[in-house]
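Me: I'd like to learn how to read helix packing and enclosed spaces in a model. Could you walk me through it?

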Amino acid sequence: MGFFEKVLFKKKVPTIQTKFAIYNALSKSLIILSFMALLPLIVEKVVYDHIDKRLIARTERILLTVQKGGIDDIVLEQDCSFESYSILKEEFVAIYPILDPRKMPPSMEIKNEAWQIDGEKMQHRIIRRPFTYDNQLYELNIGEGISSIEQLKSTIQRFSLIMMIVVVVISLFIDLGFVRILMKPLDKIMHKKLQPVPSPNNFDFTPIPSTTHEFNKLDQRINEMMLKLRDAFQIEKEFISNVSHELQTPISIVQNRLENIMIDANLSDDVLVRLSDSQRTLNRMSKIIKALLLISKIENDQYLKSEEVTAINILDEVIEDVEERLNQKNIKLIKQFYEDFNIKPCNRTLLYTMFTNLINNAIKYNKEDGSIIITTKFIDDVFHIEIKDTGIGMKKEDLPAIFDRFKRLNTSTAEGFGLGLPIVKTIAAFHKIDITVDSEPAVGSTFDLRFDDVKI
Amino acid sequence: MNVLIVEDERSLSHEMEIYLTRQNFNCDVAFNGKSGTDKVLTNSYDFVLLDLGLPDMDGLDLLKDARKKGSEAAFIVLTARGEVEDKIKGLDLGADDYIPKPFSLAELHSRMQAILRRKHGLKSNTMTVADFDIDISNRTVQCKGQTINLTKKEFDLFHYLSLHKNRVLTRTQLTEHIWGDVLEDDYESNYIDVHVKNLRKKLSAHAPIDWFETVRGVGYRINI
């Protein structure tokens, strides 16, 4: 993974499934809460409507009785009033004459009121209806007790609440299940198509079946993009491979001709030096081509990866080979080989090239009498090889580019063609080794190789 | 020693011919696969230097065919198609060695000599340079019966220079021989000088080595 990808994808964000679950839970809770708030009002409205209808019907009946049979049958009291109530004082009927016409109530009203029966005040729903009989104004009051209604209200409320929760929970599970089924293709796309692959050649182009238009489109477009990418890669690699091949033959001819000319004994010293310079220049050109070819071959998966070697073994081998170089600059190489690791499967020659380049860099950019520390150890169950030098180091802003081809840093005085680290990077990637670098100018550089994807 | 060069690049086969003729080889050339096959099957060669990218056929097919029909020549495969390197090694088609292009003629010559030693089991596997005896199979150097402790690279260097004695080997040729297998981001290193310095120190402790010459600005030569 490149530097920018790392920066871009560092922040962890929740998955769409998590978001759906949270959204579901929140919306369902909101429904339950608003239901709980509205339920008493609804129950009250329904119950009162019911009572009111009953009260009105009774009023009509009583008024009909009065019209038919006269009021005298009902009003027995001296003051022409009448009161009657049930034993439990739950219901009552009362008729009073209205003595003062100004106090006459409006045509009809229904409200809750405390009514005094036998000196005991009780909450009632009361209908008040004025009527005229025999030129006398009367007021008819019919009441019904509402204490039982409160009880009814809480019963209904409890019952509906339980129902509601059951329904909500069931629908929550159904929703989540549905989302899971719905999102399954996306899940597959995530796992099969959006995992980091070393090259488009390793990409799985099998279509992921879905009955959702958007997912089909997404899958199709990803495949199309990867195909384009694969073709572009292929063209680039073939180009490099062909160019390298075509260039090696003419170089061979000139190189061999130079060798034959130089064997000629009649050459002056000056010509010999110039010919040997030309040979060096030609060799440099050939090396650049070889390096490009090597990178392109590795990226094209043309190298076998069937050997195994332990880290300490190959490091020791490389160190032995560069011993003279170390001595030349009087550099002390310190081996801190705490733990070993079997690199398998691997290509031994390529790994040798990688470590030679890394250690040679640590020598090349080091100071006289400097040191190199090579550490091998496990950190959090992941094997690491760390190569730390006391060299000239690099600026922080230069670090992201050091693995790019033909990038040479201005600070470097040593010669090279700028393909050493790209080769290292390519070989590391081929072996699924993650390589990072830390550096400080005038202090030194540290290359860290992580073997986390390499199977033990 | 008879050598057949199967190479379609005429300039290249010409240079190889010049060099090998100087080394007392009898050279024959073929510019395509068909004529190469004919020659291999008709004549008896000690070496076949085989280019893989032939115009009319794959060089590997020529090799397979020749082996099937009982050719006993030593095959050295020359190729610029680096991508088949692993395959050649893996397939074990009966090639005796493999040299990627571009190669140095001196390197080709030393590989041919190595094959000769291997194939014919030369009686004397030692070379003598002045007071020094080089045992090639055991990779040791002795002077008046005393073994000199050389590193791997110092031995390779001494052996290579001795093989091509009386001729200048340039730093480039020596570097390619010593470090050729490893692709490094370094074309101008003076590591060869360091190796030579150490080698000279070790040899001169036992006997004078004024024949070990430095050719200024070019390389080194064993002049005997």
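Reply: Here is a short talk about one helix pair and one cavity. This is a predicted model, where local features need pLDDT of at least 70, side-chain atom pairs count only at pLDDT 80 or more, and totals for chains, interfaces and linings use all residues. Residues are numbered from 1 along each chain as its sequence is written, chains are lettered from A and ligands numbered from 1 in the order written, and side-chain values use heavy atoms, without hydrogens and water.

Me: At what angle do helix H1 and helix H5 of chain B pack?

Reply: Two packed helices are described by the angle between their axes and the distance between the axes. Here H1 (residues 10-22) and H5 (residues 105-120) of chain B pack at about 55°, with axes 11 Å apart. That makes H1(B) oblique to H5(B) (not under 35, over 145 or 65 to 115 degrees).

Me: Which residues in H1(B) and H5(B) meet?

Reply: Glu15(B), Met16(B), Tyr19(B) and Leu20(B) from H1(B) meet Leu105(B), Ala106(B), His109(B) and Met112(B) from H5(B), with contact meaning heavy atoms within 4.5 Å. By class, that contact has 6 nonpolar, 1 polar and 1 charged residues.

Me: How many cavities of 30 Å³ or more are there?

Reply: A cavity is a set of points on a 1 Å grid where a 1.4 Å probe fits but cannot get out, and lining residues have an atom within 4 Å of a point. The count is 4. The second largest holds about 110 Å³, and its lining includes Tyr19(B) and Ala106(B).

Me: Which element gives the largest share of that lining?

Reply: H4(A), with 3 residues.

Definitions and conventions. 1 Å grid on protein atoms, 1.4 Å probe; cavity = no way out; pocket = protein on both sides within 12 Å on 5 of 7 lines; lining within 4 Å. Points joined across faces, edges and corners; volume = space filled by probe spheres on them. Helix = DSSP H or I, 4+ residues; strand = E, 2+ residues; numbered from the N terminus. Axes fitted to C-alpha atoms, helices over the stretch in contact; angles between N-to-C directions. Nonpolar A, V, L, I, M, F, W, Y, C, P; charged D, E, K, R; others polar.
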